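Please go through the fold of this chain, element by element. Start with the sequence and the model below.

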Amino acid sequence: MEVAEETEIAIVGGGICGLATALALHRKGLRSVVLERSESLRATGAGITIRTNGWRALDELGVASKLRQTAMPLQGARDICLNSGKQREIPLGGGETRCLKRMDLITALAESLPRGTIRLGCQALSVRLDSSTSSPSLHLQNGSSIKAKVLIGCDGTNSVVADFLDLKPSKLFSLSEVRGFTMYPSGHNFGNQFVQVKGDKCTVGRIPIHNKLVYWFVTQKVMYGRGGLEVPKDPELIRQLTLEAIKDFPSEMIDMISKSDTKSLSNTRLRYRSPWDILVRNFRKGSVTVAGDAMHTMGPFLGQGGSAGIEDSIVIARCLAQELAENYDKKSRARNIMMMKVEEALDKYVKERRMRLVLLSTQTYLAGLLQQDSGLIVKFVCIFLMTALFSDMTRHTRYDCGCL
């Protein structure tokens, strides 16, 4: 029988949240290993919007200065109705908002980690608790096992760790979103403003990353056909279907998607974890917890999904360090006391994050309902609730997850 490898902290998932969590732990002097199922670090979704709260967290991780060099700050946002031509300003909440290439963010996080922290080609299949020690044991596709003192699932919407915690699967909006990049070698004339054009069946958004590169998205209702829900994956088919969907939009939008980088194109069903699930679910079992999309999958409507995951990383590292700083040496204390300290730290992390995530997920859920349902009653109710509950849009970007 193969002996399981032992490690201090294991992180499942080498995306933004997983790498940020490893880096936050490293900044606190806590060792971890990141297990990524792919053979290379990858980033789906092309771009990611980071708002003020996210930049505060990235400053804590020590990577913000480098990333600011790759993306211009946004100075405004406009919402345009295709049918009426009416425009309105969209509040950005003050502070700093920039759109990054996801791969730039992942690369910056990965390069800041000690060599050997990231292990590629390690797909997690299941999690079990050791009957004698209560330590989590992670079983991998290659047949090996890893026993950790702490296990953190940052493995996205189809999380193996979330399954172990008996969390309900994330749910689907009846919306899909196509995302991509378009390069303008001679420069574009869009300025540094986010523009969103809303039609009857879809919404097109455009966000400049720098003076030659633009990130864009097209959100539309999912088509129903003989095969059920049709979400194409072939890049060229994605482009052609998207162009057909926006044929009545402004010519500069059509031209932007026609000239997009095919390799950057992706089509994703939008998912969410309901606010009431976040309110009542137990996000810890033993010394196992989750962060990022595995904990709080949310739609892209607030531009807060990525920032919320980076916030998670700061909080979980701080909570673990506070409880374990003087007790991390296994020779200094009995194992059962050590595990109790770990569980207390994870409970503290969950408690600190819960209501923040309930607020974010509630507004995201209402925004998603507003986009996918054309009924006047549903729209009125969603707008009323969003106005009543979240009239101060700056509260999200003013949020500070604290210092490492």
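The report takes the whole chain, then its strands, then its helix pairs, then one loop residue.

## Overall picture

This is a predicted model. The chain has 13 helices and 19 strands. It runs to 404 residues, and 54% of them count as buried. Among contacts in the chain with a separation of 6 or more, residues 24 or more positions apart account for 75%.

## The seven-stranded sheet

One open sheet holds seven strands. Their order is β5-β4-β12-β13-β14-β11-β17, and the pairing is mixed. Strands of a sheet pair through backbone hydrogen bonds, either parallel or antiparallel. At the edges stand β5 (87-89) and β17 (266-272). Each has a single partner strand, so one side of each is left without a neighbour in the sheet. From one strand to the next, the twist averages 20°.

Helix α7 packs on this sheet. It touches β11 (171-183), β12, β13 (202-210) and β14 (213-221). The direction of α7 makes about 70° with that of β13. Within the sheet, β4 (residues 76-81) and β12 (residues 193-198) pair in the parallel sense. Six bridges join β4 to β12. D79 stands opposite Q196 in β12.

## Strand β1 and its partners

Strand β1 covers residues 5-12. Is β1 largely enclosed or not, and why? Six of its eight residues are buried, so β1 is largely enclosed by the rest of the structure.

β1 pairs in the parallel sense with β10 (residues 145-153), over seven bridges. There T7 stands opposite A148 in β10. β1 also pairs in the parallel sense with β2 (residues 33-36), over three bridges. I11 stands opposite V34 in β2.

## Two helix pairs

Two packed helices are described by the angle between their axes and the distance between the axes. Take α1 (residues 16-27) and α4 (residues 102-111). Their axes come within 9 Å and cross at roughly 25°. That angle is under 35 degrees, so α1 is roughly parallel to α4. The crossing of α1 and α4 is left-handed. On the α1 side, the contact uses I16, L19, A20 and L23. On the α4 side, the residues are R102, L105, I106, L109 and A110. By class, the contact of α1 with α4 has eight nonpolar, no polar and one charged residues.

Now take α6 (residues 235-245) and α7 (residues 251-258). Their axes come within 10 Å and cross at roughly 175°. Angles over 145 degrees count as roughly antiparallel, so α6 is roughly antiparallel to α7. R239, T242 and L243 of α6 make the contact with I254, I257 and S258 of α7. By class, the contact of α6 with α7 has three nonpolar, two polar and one charged residues.

## A loop residue with positive phi

D166 lies in the loop between α5 (160-164) and β11. Phi of D166 is near 60°, a positive value in a residue other than glycine. Is D166 buried or exposed? Its relative accessibility is 53%. The cut-off for exposed is over 50%, so D166 counts as exposed. The strand that follows this loop, β11, is among those touched by α7.

Terms used: Residues numbered from 1 in each chain as written. Predicted model: local features only at pLDDT ≥ 70, side-chain atom pairs only at ≥ 80, totals over all residues. Heavy atoms only, no water. Axes fitted to C-alpha atoms, helices over the stretch in contact; angles between N-to-C directions. Helix = DSSP H or I, 4+ residues; strand = E, 2+ residues; numbered from the N terminus. Parallel < 35°, antiparallel > 145°, perpendicular 65-115°, else oblique. Contact = heavy atoms within 4.5 Å. Nonpolar A, V, L, I, M, F, W, Y, C, P; charged D, E, K, R; others polar. Pairing = 2+ DSSP bridges. Left-handed = near helix turned anticlockwise from the far one by under 90°. Buried < 20%, exposed > 50% of the residue type's maximum accessible area, 1.4 Å probe, protein only.
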